[in-house]
Amino acid sequence: MSTLSRRRFLIALGWGAAGITAVAGGAAWALMPTLPPRNAPTHADAAAWLSLRPDGVFELYSSRAEMGQGISMGLRQVAADELGVGVDRVRLVQPDTSLVPVARSTVGSDAMRETGVLVARSAAALASAVLREAAHRLGRPVADLQLASDGVVSGTETVLTFAELGIGAPLLVSAEDVETGSPRLLAGLDGRREVGRAHPTEDIDAIVTGSRPLYADDIRLPGMVFGSVVRPQTLGGRILGIDASACRSVTGFIGLYRDSDFAGLVASRRGALAQAMSVLVVEETEGPDTDSDAVAAMVHFRSTTPALEHSVVDSGIANDEPFDVDLTLTVPLAAHASIEPRTAVARFDENGGLEVWTGTQDPFFVRNSLADAFGLSRDRVVVHGMRIGGGFGGRTIVAAEMDAARLAKLCGHPVKVQWSRSDEFRAGFHRHPSSHRLRLSADASGRIIHWHHAFRSGHVIFTSAAMGPGLQFATSFVADPGVARGSVPPYAAAATRVEFEDVRLPVKTGPWRGLGAAANSWAVETAIDALARAKGIDPLDMRLRSIAPQHARLSVALSAAAEMAGWTSRPKDSPHEGWGLACGIYKDMSYAAAVARVTRSEAGYKVTGLWCAHDCGLVVNPDQVRAQVEGNLVWGIGMALKEDLLVDGGRILPESFFDYPLPLLSDVPQIEIRVIEGSAAPTGAGETAMVCGTAAVTNAIAAMTGQTVTTLPVRAA
């Protein structure tokens with residue numbers, strides 16, 4: 001029996017795409033929340049980022065959040081090369097809404113790709129401006145002057161130091177200067193001194209010594225108190241009553257504050273807050289009795305007919321030949337599990353202005369959301385972006401920031417809110433679960449005839465963590481682009497069809513490292529491996545002969561990874577050791593391939609070797625790129641063998657890292673990485689290797705057992 005989708009139902013009533021858009025748009029506008037800024041950076045923005053200061057240092061205002069990916073040092077390297085100075089001459093200021101033009105979120109491995117070239121242009125323009133200013137002051141031709149490490153030189157003589165040039169107002173450039181600037185960044189290796197060199201992460205001294213505040217929890221303000229929000233324990237639960245009488249006996253307890261459905265405790269000390277929360281009595285109505293099986297059933301793939309609501313690609317003409325591979329694959333919920341829990345400090349001044357310190361991937365979204373929530377103009381809210389101890393998409397919405405601001409408004413003190421680990425699991429959003437059906441066929445030579453991938457998934461971009469019911473209804477008629485990411489195979493086929501449905505779930509889901517690419521790439525690479533086994537073709541050969549011609553860089557990466565690992569000489573047919581490989585493309589720009597060696601014992605499966613070739617174009621800081629690749633590969637181990645966020649009785653079960661399985665150092669093998677510069681421009685490293693790590697591990701298990709891995713994570717052998 002076929003089912004009638006929302007979209008097909010409306011079309012059957014005579015509503016076309018325009019009508020759906022108009023009605024959905026109207027519903028969305030009527031209930032529109034604050035939306036994140038999406039404007040790409042411009043030459044005018046870049047002109048405001050960089051200046052020569054009176055102390056003789058070039059100051060770079062970053063528009064990108066630093067969360068360990070190394071963008072801060074990378075941008076300093078880019079600016080330093082264009083200015084002809086060392087990185088020590090460039091001082092970086094973390095994102096601050098009072099200092100930089102409106103910028104969009106730091107997501108999608110876009111930070112260096114979007115801002116690196118603009119910083120180079122701005123620095124090249126500023127270098128020219130400094131020389132013109134020096135020529136004007138000295139009365140010499142610009143052609144006689146050059147920039148050096150300490151200032152402007154003529155021949156071997158320093159004629160003006162940067163400190164002398166910086167006297168007075170900071171030296172800036174215009175948008176026109178940036179647009180016409182001629183940076184050397186993309187011109188090749190000539191003239192580069194900092195770009196391409198390994199540098200330690202920004203603020204490494206303060207990370208080690210704690211000498212200055214870097215993270216939101218490092219902030220201490222006069223009169224600051226500590227706050228925590230009272231939350232329902234179950235999904236969809238609602239608080240009916242709160243009894244805080246026992247809290248009054250806790251030394252340092254300040255009070256319970258309520259505003260409509262919001263409630264929180266405030267104390268003068270963190271320990272007092274924890275003690276007060278432990279004796280608080282809360283009455284609530286419980287939500288639906290949801291468990292992990294029920295959530296999985298909501299996205300379970302039932303049929304491939306009729307067509308699903310959203311088509312990603314539909315090309316070629318399919319024939320009626322039987323499929324060689326017919327797989328149903330499942331991916332469960334998973335948490336971000338960042339080391340640093342969400343933390344924010346909020347302070348209202350005597351005039352009602354609001355100042356917030358927080359580790360966020362989107363300071364302007366935080367600013368705009370808080371301004372709208374408290375009826376303030378946006379220039380009266382300042383958000384200081386702090387270093388983030390792990391983002392992975394989890395810091396893209398306004399959470400602890402709103403908690404802290406509401407409590408600060410209610411209690412009249414600056415308030416620090418730091419989520420507990422339980423809050424992270426219970427109140428955060430998580431990786432969307434999904435179910436995939438892939439049907440493939442190939443001829444005797446391995447040429448792919450038919451590729452059909454249909455899947456159902458929780459939402460990613462249109463997350464219930466940030467959208468109310470009205471906007472959720474409106475977006476029900478629009479494909480969630482985050483769900484689709486990574487679903488188009490890099491392999492040529494006579495006929496390719498990729499389609500999906502996104503499903504609203506009782507558990508909040510949203511951006512998780514790589515968005516849909518993590519699950520979709522695992523499905524794609526599992527299917528191509530199964531097809532190779534079905535046809536009796538080596539998995540490496542199957543991929544190399546199938547990769548579409550426009551993806552030559554992927555073939556290079558795949559061949560490199562196989563050569564590094566010694567793929568052709570690997571042991572085969574061992575019941576205790578298996579080798580697997582996988583490859584993929586991230587956002588049509590960056591490429592990665594991995595080989596995994598997995599062994600089996602009574603204790604279960606263990607990854608004992610990982611090799612990865614990675615092409616993200618121009619590499620500014622090779623150590624940081626390798627660190628990102630390593631992080632992605634370790635996530636791949638966790639996705640393959642460990643992570644599963646359990647729900648039972650309407651509750652998310654984990655309360656701490658003791659309850660949520662993550663890869664330990666003992667689970668991580670030696671990792672060998674080869675960085676390939678396949679283009680002159682940077683294309684993004686932060687999430688790319690998510691397309692290959694998980695499948696390399698599970699394909700190794702399949703090679704060992706002869707059975708395709710169809711469910712994540714793989715349980716003990």
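Student: Does Lys587 count as buried, partly exposed or exposed, and at what relative accessibility?
Tutor: Keep in mind that this is a predicted model. Lys587 sits in the loop between E21 and strand E22 (590-601), and its phi is positive, about 55°, although it is not a glycine. Buried would need under 20% and exposed over 50%, so Lys587 counts as partly exposed, at a relative accessibility of 23%.

Student: And Asp573, is that one buried or exposed, and with what relative accessible area?
Tutor: Asp573 belongs to the loop between helix H18 (552-565) and strand E21 (577-586). Its phi is positive too, near 60°, and it isn't a glycine. The cut-off for exposed is over 50%, so Asp573 is exposed, with a relative accessible area of 78%.

Student: What pLDDT does the protein average?
Tutor: Start with the weak part: residues 1-30 have a pLDDT below 50, and that stretch has 28 contacts in the model beyond near neighbours in sequence. Still, 95% of the residues score at least 70. The average for the protein is a pLDDT of 92.

Student: Let's go to the sheet. Which strands stand at its edges?
Tutor: The sheet is open, with 7 strands in the order E9-E10-E7-E17-E14-E15-E16 and mixed pairing. An edge strand has a single partner, so one of its sides is left without a neighbour in the sheet. Here that applies to E9 (253-259) and E16 (381-385).

Student: By how much are neighbouring strands of this sheet turned against each other on average?
Tutor: Take the average over neighbouring strands and ignore their direction. The turn comes to 25°.

Student: Which residue in E15 is the bridge partner of Phe348?
Tutor: E14 (residues 343-348) and E15 (residues 354-358) run antiparallel and are joined by 5 bridges. The two form a hairpin with 5 residues between them, and Gly352 in the turn has a positive phi of about 90°. Further along the pair, Ala344 is matched with Thr358. For Phe348, the partner in E15 is Leu354.

Student: How many of the 6 residues of E14 are buried?
Tutor: E14 has a strand on each side in the sheet order, E17 and E15. Its pairing with E17 (residues 415-418) is antiparallel, over 4 bridges. E14 is mostly covered, and its buried residues number 5 of 6.

Student: Which helix packs on the sheet, touching E14, E15 and E16?
Tutor: Look for the helix at residues 363-374. Its direction makes about 150° with that of E16. That helix is H11.

Student: Which residue in E17 stands opposite Val225?
Tutor: Val225 is in E7, and E7 and E17 run parallel, joined by 3 bridges. Over on E14, Ala346 has Val415 as its bridge partner in E17. The residue opposite Val225 is that one again, Val415.

Student: Which residues of E7 point the other way from Val225, Gly227 and Val229?
Tutor: In a regular strand, side chains alternate between the two faces of the sheet. E7 (residues 225-229) is mostly covered, with 5 of its 5 residues buried, so expect buried residues pointing both ways. Those pointing the other way are Phe226 and Ser228.

Student: In E10, which residue is the bridge partner of Gly227?
Tutor: E7 and E10 (residues 262-267) are antiparallel, with 4 bridges between them. The partner of Gly227 is Val266.

Student: Which element gives the largest share of the lining of the second largest pocket?
Tutor: This pocket holds about 1500 Å³ of space, and 48 residues line it, with Arg231, Asp261, Arg406, Ala465 and Lys508 nearest its centre. Elements giving two or more residues include E10, helix H12 (400-411) and helix H14 (469-475). The largest share is 4 residues, and it comes from H11.

Student: What volume does the largest cavity have?
Tutor: A search of the whole structure turns up 5 cavities of 30 Å³ or more. The lining of the largest includes Asn39, Trp49, Arg64 and Thr115. Its volume is about 70 Å³.

Student: Last one: which residue does a cis peptide bond join to Leu712?
Tutor: Look in the segment after helix H20 (693-705). The omega of this bond is about -10°. The residue joined to Leu712 is Pro713.

Note on methods:
Residues numbered from 1 in each chain as written. Predicted model: local features only at pLDDT ≥ 70, side-chain atom pairs only at ≥ 80, totals over all residues. Heavy atoms only, no water. Pairing = 2+ DSSP bridges. Axes fitted to C-alpha atoms, helices over the stretch in contact; angles between N-to-C directions. Contact = heavy atoms within 4.5 Å. pLDDT = per-residue confidence, 0-100. Buried < 20%, exposed > 50% of the residue type's maximum accessible area, 1.4 Å probe, protein only. 1 Å grid on protein atoms, 1.4 Å probe; cavity = no way out; pocket = protein on both sides within 12 Å on 5 of 7 lines; lining within 4 Å. Points joined across faces, edges and corners; volume = space filled by probe spheres on them.
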